[in-house]
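The following note sets out points for a colleague who is reading the model alongside its sequence. Please consider each point with the coordinates open.

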Amino acid sequence: MACAAARSPADQDRFVCIYPAYLNNKKTIAEGRRIPISKAVENPTATEIQDVCSAVGLNAFLEKNKMYSREWNRDAQYRGRVRIQLKQEDGSLCLTQFPSRKFF
């Protein structure tokens with residue numbers, strides 16, 4: 001296995017992961033919400049997150065069978081995660097308005 005420094009930021013396994021719980025205003029910080037409630041939305045789905053990221057121009061793909069580890073509810077609406085490419089192969093940003101995951 002190659003060391004982490006040799007892998008390209010454009011490899012799909014190096015994309016940033018976004019779970020719906022990160023953006024859910026019904027969750028607490030302990031349950032996995034990572035943004036302020038004022039910016040969060042009610043019960044987002046992974047498909048909705050992918051649609052928004054694609055509309056903005058980011059390279060995003062959906063992994064339907066993945067599950068957030070803190071999510072106790074195993075229903076289909078809570079499944080999935082979105083992987084988003086922030087950096088190109090040479091290490092430059094794909095979109096300058098999103099320099100890191102903190103700006104989502």
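Which residue of strand 3 is the bridge partner of isoleucine 18? The answer is valine 82, and the points below place this pair in its setting.

1. Status and overall content. The model is predicted. The protein contains 1 helix and 3 strands, and their succession along the sequence is β-α-β-β. Of its 104 residues, 36% count as buried. The exposed area is about 6800 Å², of which carbon and sulfur atoms supply 50%. Among contacts with a separation of 6 or more, 49% are between residues 24 or more positions apart.

2. The sheet. The 3 strands form an open sheet in the order 1-3-2, and the pairing is antiparallel. Strand 1 and strand 2 (59–63) are the edge strands, each pairing on one side only. From one strand to the next, the twist averages 25°. The antiparallel pairing of strand 1 with strand 3 extends over 3 bridges, and the bridge between isoleucine 18 and valine 82 belongs to this region of the description.

3. Helix against sheet. Helix 1 lies across strand 1, strand 2 and strand 3. Relative to strand 2, helix 1 runs at about 170°.

4. The nonpolar core. The largest nonpolar core has 20 residues, and Ile18 and Ile84 are the ones that touch the most other members. Strand 1 (16–18), helix 1 (46–56) and strand 3 (81–85) each contribute at least two residues to this core.

5. Isoleucine 18. Leaving aside residues up to four places away in sequence, isoleucine 18 touches Leu23, Ile49, Arg81, Val82 and Ile84. Val82, its bridge partner, is therefore also found among these contacts. What else sets Ile18 apart within the largest nonpolar core? Together with Ile84, Ile18 touches the most other members.

6. Glutamine 85. Is this residue of strand 3 buried or exposed? Glutamine 85 counts as buried because its relative accessibility is 11%, which is under the 20% limit. Its side chain makes a polar contact of 2.9 Å with the side chain of asparagine 59. The side chain of glutamine 85 also reaches the backbone oxygen of lysine 87, at 3.0 Å. A reader inspecting the end of strand 3 may wish to view both of these polar contacts together.

7. Arginine 14. This residue lies in the segment before strand 1. Arginine 14 counts as partly exposed because its relative accessible area is 38%, between the limits of 20% and 50%. How far apart in space are arginine 14 and leucine 86, C-alpha to C-alpha? The distance is 9.4 Å, although the two are 72 residues apart in sequence.

8. Asparagine 43. The loop between strand 1 and helix 1 holds asparagine 43. Its phi is near 45°, a positive value in a residue other than glycine. With a relative accessible area of 32%, asparagine 43 is partly exposed.

Note on methods. Residues numbered from 1 in each chain as written. Predicted model: local features only at pLDDT ≥ 70, side-chain atom pairs only at ≥ 80, totals over all residues. Heavy atoms only, no water. Core = buried A, V, L, I, M, F, W, Y, C linked by side-chain atoms within 4.5 Å. Buried < 20%, exposed > 50% of the residue type's maximum accessible area, 1.4 Å probe, protein only. Helix = DSSP H or I, 4+ residues; strand = E, 2+ residues; numbered from the N terminus. Contact = heavy atoms within 4.5 Å. Polar contact = N/O pair within 3.5 Å; in protein donor to acceptor, adjacent residues only side chain to side chain. Areas by Shrake-Rupley, 256 points an atom, 1.4 Å probe, with all protein chains shown as cover. Pairing = 2+ DSSP bridges. Axes fitted to C-alpha atoms, helices over the stretch in contact; angles between N-to-C directions.
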